[in-house]
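Reader: Hello! I am new to reading protein structures. Could you take me through this one and then look closely at the nonpolar core?

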Amino acid sequence: MEKPVPRPNADSATFWEGCAAHEFRFQRCNSCGKAQFYPRAICANCRGDDLDWEVSVGKGAVHSVTTVSRGPSVAFKEDGPYQVALVDMDEGFRFMANVRGGEAEIGTRVRVIYEKRGDQTIPQVEIGG
Ligand SMILES: [Zn+2]
């Protein structure tokens, strides 16, 4: 069974185009200065709608991590066990990804890597950075 592939919408299309070019794009609010991810039409902090895109250097530290022993569906059955981490990126936003290349724990430095799945390019993280 094939794994599901993210489908871009109006808010996320710029992000997914960035992934295809191996650029991790996130939004920053021009009103309050906060970085945010995932992409939205308005700022989650101040509700302003003056948002710009920036490119992350792709490095961060693990905020929290868990091990998935059994995949969420048949498509992921062969993958387990694997780690999923919440990562605090150096620019000040947080995102969730699978961990590659070793075991992560809280505070582990990671960097973004890109994996092809179908016609989409998906950001994950690997140890290091
Ligand atoms: Zn704001």
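Author: Happily! The secondary structure of the chain consists of one helix and eight strands, where helices (H or I, at least four residues) and strands (E, at least two) are DSSP runs numbered from the N terminus. Starting at the N terminus, the order is α-β-β-β-β-β-β-β-β. This is a predicted model, in which local features need pLDDT of at least 70 and side-chain atom pairs count only at pLDDT 80 or more, while totals for chains, interfaces and linings use all residues. Residues are numbered from 1 along each chain as its sequence is written.

Now for burial. Of the 129 residues, 18% count as buried, meaning that 20 or more other C-beta atoms, placed from the backbone, lie within 10 Å of the residue's own (12 or fewer is exposed, in between is partly exposed).

That brings us to your core. A nonpolar core is a set of buried Ala, Val, Leu, Ile, Met, Phe, Trp, Tyr and Cys residues joined through C-beta atoms within 7 Å. The largest one here has 13 residues, and those with the most contacts inside it are Val62, Ala85, Val87, Val99, Ala104, Val110 and Val125. Two or more residues each come from β5 (82-89), β6 (94-100) and β7 (109-117), with β5 giving the most, three residues.

Let us zoom in on Val99. Setting aside neighbours within four places in sequence, Val99 is in contact with Val65, Gln83, Ala85, Ala104, Val110 and Val125; contact means C-beta atoms, placed from the backbone, within 7 Å.

Key
Two residues are in contact if their C-beta atoms, placed from the backbone, lie within 7 Å.
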